[in-house]
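Trainee: I would like to go through this model step by step. Where should we begin?

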Amino acid sequence: MRLTDQQKRRFIEDGYIVIPNAVPRVMVDAARQSINHYIGQHGMPPDELDIYRAQTYCRHLTQTHEITTLFNDTPVFSLTESLVGEGRLSKAASGQIGLRFPAPPFADAGPPRGHLDGIGSGKNGSNVGEYHRGFTGFAVVYLSDVPTEYSGNFTVWPGSHLTVEQHLEQQGVDVLTRGCPQCDWPRPPVQVTGQAGDAVIAHHQLIHTAAPNTSPNIRYGIIFRLRHVDCGEFANKAYTDIWHEWEGLHHLLPPERASRSNTEAKARRRRTRAAARRRSGKSSARVAATSRKRTAP
Ligand SMILES: O=C(O)CCC(=O)C(=O)O
């Protein structure tokens with residue numbers, strides 16, 4: 001299954017797309033059952049709750065079949081691959097288990113507050129002052145219905161990926177040592193509503209959060225941080241070249257953007273080929289000579 005060019009244009013502009021009914025019910029139920037069973041067996045130590053909120057609940061389940069297949073073996077993978085490029089998307093090794101628990105009854109929860117991932121908070125696995133761009137985008141799969149706002153919804157600031165890129169080009173990427181940029185976002189936040197089995201694909205540079213939950217229900221969601229095969233090598237350069245790893249969109253970008261990303265991609269492939277040659281013990285000169293010989297008339 002592939003996204004259409006019209007859907008891809010929306011993704012470029014908004015930084016996210018919602019896919020209704022992306023995951024079959026039987027898989028959603030198996031994943032939610034394994035989470036509920038785990039909690040029933042192991043509970044939750046209260047002094048770990050801050051870490052669970054920032055990182056993942058049920059850590060021992062994050063790499064299980066019930067969780068990883070939600071991305072790897074459903075149309076969520078092929079739809080994402082149509083954005084990232086054929087053969088350019090890695091399979092997920094794990095998924096964050098994102099449970100968003102209700103606030104106490106009648107609490108005034110306040111508005112959602114967005115952030116960028118990879119900026120150290122001391123609780124999310126990185127120290128304050130550190131930053132690291134470790135993934136290409138999100139795929140969030142709802143395992144429970146989220147019919148109204150303020151139900152722990154995955155929440156996005158549409159267009160904020162473009163604002164952040166511009167901000168980092170102007171200020172330099174090192175401003176991230178001071179935390180998440182506070183800019184005037186182009187549009188108000190969208191709290192994504194939907195049903196169990198719906199998925200959201202989003203750009204890594206989109207400001208996002210989980211909305212406060214003033215509903216009576218726990219929001220169950222699995223958050224995959226999906227990676228282009230060269231994500232590790234391109235690393236923090238993606239902060240100011242946000243489409244580089246979205247090769248399935250390059251034909252829709254303005255020519256100067258597309259050529260910037262393509263030039264980088266070609267240079268990277270050249271480096272990868274050269275490294276492979278070095279590993280196999282052939283010098284570039286020998287390889288060039290061999291290929292000249294082969295193509296000689
Ligand atoms: O649970 C969600 O919907 C979003 C979680 C989030 O913002 C994050 O893990 O960075």
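Mentor: Begin with a definition: a residue is buried if 20 or more other C-beta atoms lie within 10 Å of its own. Keep in mind that this is a predicted model.

Trainee: Which residues of E6 are buried on one side and which on the other?

Mentor: In a regular strand the side chains alternate between the two faces of the sheet. Strand E6 covers residues 199–203, and five of its five residues are buried. Both faces are therefore covered. One side has Ala199, Ile201 and His203, and the other has Val200 and Ala202.

Trainee: Which strands are joined to E6 by bridges, and how do they run?

Mentor: Strand E3, residues 137–142, is joined to E6 by five bridges and runs antiparallel to E6. In that pairing, phenylalanine 138 stands opposite alanine 202. Strand E1, residues 16–19, is joined to E6 by four bridges, and isoleucine 19 has alanine 199 as its bridge partner. The strands asked for are E3 and E1, both antiparallel to E6.

Trainee: Which element gives the most residues to the shell around the ligand?

Mentor: The ligand is surrounded by Gly98, Arg100, Asp117, Phe154, His208, Thr209, Ala210, Gly221 and Ile223. Two or more of these residues come from each of strand E2 (96–100), strand E7 (208–210) and strand E8 (219–226). By class, the shell holds three nonpolar, four polar and two charged residues. The largest contribution, three residues, is that of E7.

Trainee: Why does the radius of gyration of the chain agree with that of a compact globule?

Mentor: The chain has 297 residues, so a compact globule would have a radius of gyration near 19 Å. The value for the chain agrees with this, at 21 Å.

Trainee: How far apart do the C-alpha centres of domain 1 and domain 2 lie?

Mentor: Domain 1 takes in residues 5–242 and domain 2 residues 265–295. The C-alpha trace of the whole chain spans about 80 × 40 × 40 Å along its principal axes. The distance between the two domain centres is 39 Å.

Trainee: What percentage of the contacts in the chain with a separation of 6 or more is between residues 24 or more positions apart?

Mentor: The chain has nine helices and eight strands, and 32% of its 297 residues count as buried. For contacts with a separation of 6 or more, the share from residues 24 or more positions apart is 82%.

Notes. Residues are numbered from 1 along each chain as its sequence is written. This is a predicted model: local features need pLDDT of at least 70, side-chain atom pairs count only at pLDDT 80 or more; totals for chains, interfaces and linings use all residues. A residue is near a molecule or strand if its C-beta atom, placed from the backbone, lies within 6 Å of it. Ala, Val, Leu, Ile, Met, Phe, Trp, Tyr, Cys and Pro count as nonpolar, Asp, Glu, Lys and Arg as charged, and the others, Gly among them, as polar. The radius of gyration is taken over C-alpha atoms; the globule rule is 2.2 Å times the number of residues to the power 0.38. A residue is buried if 20 or more other C-beta atoms lie within 10 Å of its own, exposed if 12 or fewer, and partly exposed in between; C-beta atoms are placed from the backbone. Two residues are in contact if their C-beta atoms, placed from the backbone, lie within 7 Å. Domain bounds come from an automatic or database domain assignment. Two strands pair if DSSP finds at least two bridges between them.
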